[in-house]
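Dear colleague,

Here is the structure that I promised to hand over, with its sequence. Please look through it before reading on, since my notes follow directly below.

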Amino acid sequence: MASGSVDEAMRRAIALAARGLGTTSPNPVVGCVLLDPDGEVVGEGFHAYAGGPHAEIVALAQAGRRARGGTAVVTLEPCDHTGRTGPCSHALLAAGVARVVIAVPDPNPVASGGAATLRAGGVDVELGVRAAEAEAGNVAWLTSMRRGWPYVVWKYAATLDGRSAAADGTSMWITSEAARIDVHALRGTVDAVIAGVGTVLADDPRLTARNLRDGTLAIRQPLRVVVDTFGRTPADARVRDGAARTWVATAAEVGTGPDGRVDLPALLAELHHRGVRAALLEGGPQLAGAFLAAGLVDRVVAYVAPKLLGAGPTALADAGVGTIADAIDLEITDVTQVGPDLRITALPRKREG
Ligand SMILES: NC(=O)c1ccc[n+]([C@@H]2O[C@H](COP(=O)([O-])OP(=O)(O)OC[C@H]3O[C@@H](n4cnc5c(N)ncnc54)[C@H](OP(=O)(O)O)[C@@H]3O)[C@@H](O)[C@H]2O)c1
């Protein structure tokens with residue numbers, strides 16, 4: 001059992017970890033709190049960016065000698081390998097920490113093993129404290145590392161009757177400026193933004209993360225991915241404007257799926273290989289339908305405007321559902337009002353068999 005102060009320290013470590021969201025990829029977010037033998041907090045840290053010091057190292061530097069005989073409380077198993085920085089397991093041993101309390105084991109085969117190294121060095125190691133909470137804070141990274149392809153969030157905007165454009169094709173702007181600002185913030189937390197060539201041809205979007213008021217680009221831009229079987233993306237399309245990296249993923253490069261279009265699992269595997277852990281699928285309806293039909297969507301974020309159109313394309317095209325019994329069931333996890341619109345977050349329920 002975790003003592004009161006250890007439990008409190010883990011809550012704090014999880015909050016610290018969240019500060020790295022959107023900037024640590026391809027690394028996880030990690031937070032660490034160091035307690036001295038009396039349970040006093042003597043160091044805190046979080047992993048801020050890939051290549052930068054790990055959470056444990058930041059906390060150890062703050063604590064100095066006061067870490068000796070103390071407890072390190074960390075959201076993810078300390079790494080055991082030398083990457084761009086040295087192994088945290090060794091740093092904790094060198095600092096003389098007596099106990100390490102971990103929320104979630106590291107699923108990355110390259111970096112895991114820190115708990116075993118610490119135990120072998122005589123450290124008391126406890127795993128699983130506030131694991132569900134820490135897991136939720138790192139869900140994209142943990143999911144992508146466990147299965148080898150990115151965590152996919154499908155985002156769309158629609159009217160209350162589910163339309164993504166009017167009968168004449170006009171769609172700017174269905175949702176409010178507040179909702180669009182929210183979308184740009186969402187783009188800033190992922191490693192890739194994915195759209196079908198249909199959307200590129202129809203809307204010529206930039207797909208960058210930017211300040212909508214003055215147009216300035218966010219420092220960190222997601223990779224722009226256009227799913228384009230035959231390479232129809234025009235040479236002067238805005239996604240090719242050089243403001244961020246762009247990958248026009250063609251069937252020739254990625255491979256062809258059973259419908260003769262870009263093979264989506266192969267696309268995601270390649271994105272994982274390129275360091276993408278979280279991806280925002282921005283549609284349009286056909287590509288979103290194909291992702292959903294293949295069970296490749298992990299989370300749905302819908303921006304719903306208080307408008308009715310009664311005609312016009314819907315936000316989602318064929319997703320392989322022919323009868324009500326096959327409907328893709330969602331569990332709503334959050335509803336937030338953004339300006340006049342609603343942002344609904346939902347998780348597709350796992351299908352039987
Ligand atoms: N409301 C919203 O949130 C939202 C968001 C985005 C777009 N839109 C709207 O959606 C409209 C465009 O719709 P759309 O459905 O034509 O565009 P889309 O889904 O962006 O693109 C569809 C195209 O993607 C290509 N593709 C490649 N591999 C695929 C695969 N495995 N599965 C499915 N498609 C694949 C196909 O063309 P190839 O076979 O040539 O590759 C397909 O025609 C625009 O009018 C836009 O305004 C709305």
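Helices (H or I, at least four residues) and strands (E, at least two) are DSSP runs, numbered from the N terminus. With that in hand, Pro 26 can be placed in the loop between α1 (4-18) and β1, and the peptide bond that leads to Pro 26 from Ser 25 is cis, with omega near 10 degrees.

Please bear in mind that this is a predicted model, in which local features need pLDDT of at least 70 and side-chain atom pairs count only at pLDDT 80 or more, while totals for chains, interfaces and linings use all residues. Residues are numbered from 1 along each chain as its sequence is written, and side-chain values use heavy atoms, with hydrogens and water left out.

Two other backbone features deserve a look. Met 172 and Trp 173 are also joined by a cis peptide bond, with omega about -10 degrees, and Trp 173 sits in the loop between β6 and α7. Arg 130, in the loop between β5 and α5 (131-137), has a positive phi near 50 degrees although Arg 130 is not a glycine.

Turning to the sheets, two strands are taken to pair if DSSP finds at least two bridges between them. In general, strands of a sheet pair through backbone hydrogen bonds, either parallel or antiparallel. One open sheet has five strands in the order β2-β1-β3-β4-β5, with mixed pairing; its edge strands, β2 (41-46) and β5 (124-127), each pair on one side only. The twist in this sheet averages 15 degrees from one strand to the next, where axes are lines fitted to C-alpha atoms (for helices over the stretch in contact) and angles run from 0 to 180 degrees between N-to-C directions. Strand β1 (residues 31-35) runs antiparallel to β2 and is joined to β2 by five bridges, with Gly 31 standing opposite Phe 46 of β2. Helix α2 (residues 55-63) lies across β1, β2 and β3 (71-76), at about 150 degrees to β2, contact here meaning heavy atoms within 4.5 Å.

The other open sheet to describe has eight strands, in the order β9-β8-β7-β10-β6-β11-β13-β12, again with mixed pairing. Its edges are β9 (246-249) and β12 (330-338), each with a single partner strand, so one side of each is left without a neighbour in the sheet. Here the twist averages 20 degrees from one strand to the next. Within this sheet, β7 (residues 192-196) and β10 (residues 278-281) pair in the parallel sense over three bridges, and Val 193 has Leu 280 of β10 as its bridge partner. Helix α6 packs on the sheet, touching β6 (151-159), β10 and β11 (299-305), and its direction makes about 125 degrees with that of β6. Helix α7 (residues 177-187) packs on the sheet as well, touching β6, β7, β10, β11, β12 and β13 (341-348), at about 160 degrees to the direction of β11.

As for helix packing, the axes of α10 (residues 264-273) and α11 (residues 285-293) come within 10 Å and cross at roughly 90 degrees. That makes α10 roughly perpendicular to α11, given that angles under 35 degrees count as roughly parallel, over 145 as roughly antiparallel, 65 to 115 as roughly perpendicular and the rest as oblique. In this contact, Leu 264, Leu 267 and Leu 268 of α10 meet Leu 287, Ala 290 and Phe 291 of α11. The contact residues divide into six nonpolar, no polar and no charged, where Ala, Val, Leu, Ile, Met, Phe, Trp, Tyr, Cys and Pro count as nonpolar, Asp, Glu, Lys and Arg as charged, and the others, Gly among them, as polar.

With kind regards
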